[in-house]
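Me: Please take a close look at one part of this structure and describe the ring contacts there. Please then set that part in its wider surroundings, including any enclosed space and the way the strands are arranged.

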Amino acid sequence: MARAVRTNERRRLLLGLAGSGLLASCAVAPPEPAAKEDQGDRLWPAPPELPRFAYETALRTLGDITEETEQEKLRNRLTGVRRADGKVIEKPASIAARDGRIFVGDSIRRSVLVFDVPRRKVFQFGLRAPGILAKPTAIALDRGGRLYVADATLRKVFVYDRLGLHLQTIGQPGELQRPTGVAASPDGSRVYVIDRSDNDSDQHRVTIYGADGKVLREVGRRGRGDGEFNLPVQAAVGPGGTLHVLDAGNFRVQSFDAEGRFLRSFGQVGTGLGRFARPRNLACDDEGRLYVSDGAFGNVQIFTPEGALLLAIGRGSRRDLPGCYGLVSGVAVDETGRIYVADQLFSKVEVLRRVGEQEGRKLQQAAA
């Protein structure tokens with residue numbers, strides 16, 4: 001039964017990301033009647049409110065986006081072992097997604113895994129010189145399809161094309177101490193590297209590089225004031241070029257213009273909605289909304305660029321269920337509005353798709 005459910009989820013992802021357009025016009029199955037046993041969450045917000053996002057699938061194995069060949073099916077019948085039983089994700093730290101390709105930085109595999117939905121393939125890169133990775137901590141995409149991977153151990157940022165071919169290495173000896181985050185402007189003319197050094201250092205800053213890999217300027221130092229940082233972890237660039245930095249130790253998001261000039265900030269420590277307790281990652285969609293994952297809450301909170309809370313998705317759990325996370329880490333949003341959430345405890349990346357108003361009304365009525 002569980003295998004049949006996962007097969008249906010995989011087919012929905014293939015249809016949606018491959019550009020068929022069918023998924024957007026079909027309602028997801030109405031929520032099952034409440035049961036004593038926790039079944040996880042599949043709609044946010046939950047009815048009777050109007051749902052805006054729906055659980056689509058979880059990525060863990062080769063079989064999540066690929067179809068078995070006839071030879072593999074025969075081998076499975078003879079041996080009882082399915083190819084899809086072997087997971088490919090071990091410890092997902094960061095995610096980026098666009099055009100049906102989901103890039104997952106895995107710190108145990110020391111590589112970037114790619115779920116290529118249009119080609120129905122799963123592959124990895126970062127294993128061959130000159131683009132060998134040691135500890136990929138953050139990844140980002142520009143609109144040209146270039147992938148930027150920050151490596152905290154090697155103290156560099158590696159640039160690849162969408163198929164994993166190494167293009168460039170950013171970071172000369174001594175420039176970066178501990179790159180924990182990376183973001184790029186849409187055209188790739190600016191690369192923003194979160195450089196945190198160690199916890200006792202005052203070197204908590206953003207280093208801005210040009211497309212040629214040369215340092216343009218450095219922004220910030222350790223502190224609590226505007227434009228200062230305390231344990232910054234990730235960055236994201238908005239559609240207008242605004243740079244957003246997740247300043248985790250100060251429990252806030254700071255925003256800057258493209259040249260690194262401070263604009264505004266929001267956030268404070270707390271346990272309620274709209275607050276931060278253990279913020280871990282940051283993403284920005286094409287409309288400027290900000291997505292912050294929080295390891296203490298086990299969720300992703302969605303904000304306006306100015307910091308107004310729109311929605312919280314997910315919850316902490318010790319059970320591997322839809323919408324439930326044991327140790328949430330990376331978060332990403334693609335051009336379709338899908339949200340990708342990485343969970344390091346359960347070794348998965350969940351895919352949540354945006355629900356249109358018409359479909360949301362149907363789901364709302366079905367649950368009434």
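Reply: In this predicted model, Phe 303 counts as buried because its relative accessibility is 1%, where buried means under 20%. The ring contacts of Phe 303 are the natural place to begin.

A search of the whole structure finds six aromatic pairs. In one of them, the ring centres of Phe 266 and Phe 303 are 5.0 Å apart and the planes meet at 45°, so the pair is classed as tilted. This contact joins distant parts of the chain: Phe 266 belongs to strand E18 (residues 262-266), Phe 303 belongs to strand E21 (residues 299-303), and 37 residues separate them. Both Phe 266 and Phe 303 are buried.

Phe 303 also pairs with Phe 276: the centres of these two rings lie 5.7 Å apart, and their planes are at 70°, so this pair is edge-to-face. The angle that decides the class is one over 60 degrees. Here too the pair links distant parts of the chain, since Phe 276 sits in the loop between E18 and E19, whereas Phe 303 is in strand E21, 27 residues away. Phe 276 is itself buried, because its relative accessible area is 0%. Elsewhere, ring pairs link Phe 229, Phe 256 and Phe 262 into a cluster.

From the loop that holds Phe 276, the description can move to strand E19. Asn 281 has its place in E19. Asn 281 is buried because its relative accessible area, 7%, falls under the cut-off. Computed along the sequence, Asn 281 and Ala 236 are 45 residues apart, while their C-alpha atoms are 9.5 Å apart in space.

Strand E19 also borders enclosed space. The count comes to two cavities of 30 Å³ or more, and the largest cavity has a volume of about 480 Å³. Its lining consists of 30 residues, of which Ala 140, Leu 141, Val 237, Cys 284 and Val 333 lie nearest the centre. Six strands each supply at least two residues of this lining: E3 (92-98), E7 (136-141), E11 (179-184), E15 (232-237), E19 (279-284) and E25 (328-333). The largest share, five residues, comes from E3. By class, the lining divides into 20 nonpolar, five polar and five charged residues.

Cys 284 merits a further remark. This residue is buried because its relative accessible area is 13%, and Cys 324 is likewise buried because its value is 0%. The structure holds zero disulfides.

An open space is bordered by E19 as well. The second largest pocket has a volume of about 610 Å³, and 22 residues line it, with Thr 137, Arg 178, Arg 196, Val 233 and Arg 280 nearest its centre. The elements that give two or more residues to the lining of this pocket are E7, E15 and E19. Its lining comprises eight nonpolar, eight polar and six charged residues.

Strand E25, named above for the lining of the largest cavity, leads to the arrangement of the strands. An open sheet of five strands runs in the order E1-E2-E27-E26-E25, with antiparallel pairing. E1 and E25 are the edge strands of this sheet, each pairing on one side only.

At the E1 side, strand E1 (residues 43-44) pairs with E2 over two bridges in the antiparallel sense. Leu 43 stands opposite Ala 54 in E2, and Trp 44 has Phe 53 in E2 as its bridge partner. E2 in turn pairs with strand E27 (residues 348-354), again in the antiparallel sense, over six bridges. Within that pairing, Thr 57 stands opposite Val 351 in E27. Strand E2 (residues 53-59) is mostly covered, with seven of its seven residues buried.

To return to the part under study, Phe 303 is buried at 1% relative accessibility and forms a tilted pair with Phe 266 and an edge-to-face pair with Phe 276.

Technical notes:
Residues numbered from 1 in each chain as written. Predicted model: local features only at pLDDT ≥ 70, side-chain atom pairs only at ≥ 80, totals over all residues. Heavy atoms only, no water. 1 Å grid on protein atoms, 1.4 Å probe; cavity = no way out; pocket = protein on both sides within 12 Å on 5 of 7 lines; lining within 4 Å. Points joined across faces, edges and corners; volume = space filled by probe spheres on them. Helix = DSSP H or I, 4+ residues; strand = E, 2+ residues; numbered from the N terminus. Nonpolar A, V, L, I, M, F, W, Y, C, P; charged D, E, K, R; others polar. Disulfide = S-S within 2.5 Å. Buried < 20%, exposed > 50% of the residue type's maximum accessible area, 1.4 Å probe, protein only. Phe/Tyr/Trp six-rings, centres within 6.5 Å; stacked < 30°, edge-to-face > 60°. Pairing = 2+ DSSP bridges.
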